[in-house]
Amino acid sequence: MTRYIIKRLLMLIPVILGVAILIFTIMYFTPGDPVKLIAGDTMTAEQHDQIAHELGLDQPYFTRLFKFLKQTFIDFDLGTSYIDNSSVSQQLFTRLPRTAIIASVCCLLQIIIAIPLGVTAATHQGGFLDSFCIVLAIIAISVPSFWIAMMFILLFSLRLDWLPSFGIDHWYSYILPCAANCLMGLGSTARQTRSQMLEVIRSDYVVTARAKGVPERTILYSHALPNALIPVITHLGTQFGSALGGTVVIETVFSIPGVGYYMTNAISNRDYPVVLGGVTLLAVLFCLVVFLVDLIYAFIDPRIKAQYEGSQKKRLKKTEKRGKAYA
Amino acid sequence: MPELNVQAETQERDRHSHHHGHDHHEKAVKRSWKDSNFYGVMQRFAKNKVSVVGLIIIILLVLTAIFAEQIAPYNYRRIDPAHANQLPSAAHWFGTDAQGRDIFSRIVFGARYSLSIGVIASLVGTLLGILFGALAGFFGGWVETVILRICDIIQSIPNILLCICVSQVFGSGFFATAMALSVYSIPGTTRLLRATMMSVREQEFVEAAKAIDCSPMRIMFKHILPNCMAPLIVSFSMAIGMKIMSSAGLSFLGLGIQEPIPEWGAMISAGRRYLRVAPHLVIFPGLFVALVVLSFNLVGDGLRDALDPKLRK
């Protein structure tokens, strides 16, 4: 097991390096001059060159790339923003909790609401409850989150005046953003739970359990559900990971100073250190979340454990064979 | 003695299979289009009432986009400050926006932009995904590893951020936005096709094709790829809805297609400032985005059920 963990962690390194290189390259090819955006149009050519030199923007691609990689992965320094000279890592870590709150609440809501909804739909396949859940879920995934966010503001803030429409001053400021943000996830998780449940219910071991006379409730909750939930957990993990950077639109609607909002502004201002540092950090977090989910799996699901051990045995056999062939 | 027996048996089987083949051939001649796979799929699709409703809505919206000039009661560009931010009325079905432009006409013309950007972005994304997926599945080995690792890399970046970054490279025009929207769905399609190919490759007809000495290229394009199309068609139809939504999201952030083009997301973005005094500026374009995305999702669901061999009887 330890070997598996180490192997998986090592496999993260090329992915994260790849993300850093990819995003650096994209930003390198982005038209637009950060120097102009910092200093305005009213400067001489010498001033322009001087600022560009100070920021290291006059160096060739590979020099800048290696400098960036060394700074990020060896010195663990994300640099300072071009616009206000603030430390990028500090900014990101003050903003991350706000985004993380939204992402975690959404994840929690999915576990509490979407999974039971999906199970209900699957157990009542073809019936009224099933159609009701399906319709609800498909509407939830079809409504744009920023639009439903504005509809919530319209109803709960402007008409009823119950909840604030922007900011993060109180705990209840988070209610509307979370509600608007989680809808799509709720729909997709419910749909996935339903289809997984349907697949599992049809499988042989459930038929066997029924034939043995195991009560339906036990079949559902201790035989079928754990197996059906495995792909759903991956889905939730991926969603949580991408929600950390993907709540941009919601943060814009509610003027929440979170990570997404920060990044979008940085991208349009060509604030390279912020974009590069932010995307790299988000990618690291995403990979770690996915990794943790996989790890949980390997602990929960004996099949995955066995698979890994099986492949190890196979490899041993192969090397043995090769050894024999050489001998 | 046993040898003879075997020979007799083989002969018998040969005759039988020959006869069988002949029979099959005759049937194929008489075959009408009603026996075709496509007809069966359509028949199964038609049984799903909800998906048919989705398809009808899509067809109506496409017709709206094509005949926008005839349908729209006003010129969508006509500015009329005297009648700004009017609520829906008989003259202006969906009211007017901050510049006094008729919202209904703008939505009708906006259908052109929203639908075509969705189709183009999904088409580009799907085709590139098919290309990479087929390369990975065909060559295997290190080509496959490299392609899958690149997919990992792209998928580790949050979709919307990647979209924003790429849209900055391409600019903010119509095609630039379509390209930016297509990028993030490439890894998904690549993985989908590769996974499907892996399962199709194990099937008997591929082995049979190998046995009669078909070239790898022929096996790939004539035998394997056509049998991998079902999940791709479903993902394509779902992708169109998703792209329309993402495109609206990008426009909302002020990045994708922008005013004065009447793209639905851009209309929502422009109406946001008047949410208190004129909420209809936001409500109607948003309803249309939701409606079109819903329809594509319904059609995608219907197609998946119709194409899924597990549900066939």
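User: Of the contacts in chain A between residues at least 6 apart in sequence, what share joins residues at least 24 apart?
Analyst: In this predicted model, 75% of those chain A contacts join residues at least 24 apart.

User: Nice. How many helices and strands does chain A have?
Analyst: Chain A has 14 helices and zero strands, so the pattern along its sequence is α all the way through.

User: And what's the radius of gyration of chain A, next to a compact globule of 327 residues?
Analyst: Chain A comes out at 25 Å, whereas such a globule would be near 20 Å. Its C-alpha atoms fill a box of roughly 85 × 80 × 30 Å along the principal axes.

User: How much of chain A is buried?
Analyst: Buried residues account for 46% of its 327 residues.

User: Switching to the interface: how many residues of chain A and chain B are in contact?
Analyst: There are 47 from chain A and 42 from chain B. About 3,600 Å² is buried between the two chains, with carbon and sulfur atoms giving 79% of that area.

User: Which chain A residues lose the most area to chain B?
Analyst: Those are Phe146(A), Trp147(A) and Met150(A), together 15% of what that side buries.

User: How many salt bridges go across?
Analyst: The rule finds one. Arg191(A) pairs with Asp301(B), at 2.9 Å from N to O. Six residue pairs between the chains are in polar contact, both residues at pLDDT 80 or more.

User: Which element gives the most to chain A's side?
Analyst: That's H1(A), with nine residues. By class, the side of chain A touching chain B has 33 nonpolar, nine polar and five charged residues.

Notes. Residues numbered from 1 in each chain as written. Chains lettered and ligands numbered in written order. Predicted model: local features only at pLDDT ≥ 70, side-chain atom pairs only at ≥ 80, totals over all residues. Heavy atoms only, no water. Contact = heavy atoms within 4.5 Å. Buried area = accessible area lost by both parts, 1.4 Å probe. Salt bridge = Lys/Arg side-chain N within 4 Å of Asp/Glu carboxyl O. Polar contact = N/O pair within 3.5 Å; in protein donor to acceptor, adjacent residues only side chain to side chain. Helix = DSSP H or I, 4+ residues; strand = E, 2+ residues; numbered from the N terminus. Nonpolar A, V, L, I, M, F, W, Y, C, P; charged D, E, K, R; others polar. Rg over C-alpha atoms; globule rule 2.2 N^0.38 Å. Buried < 20%, exposed > 50% of the residue type's maximum accessible area, 1.4 Å probe, protein only.
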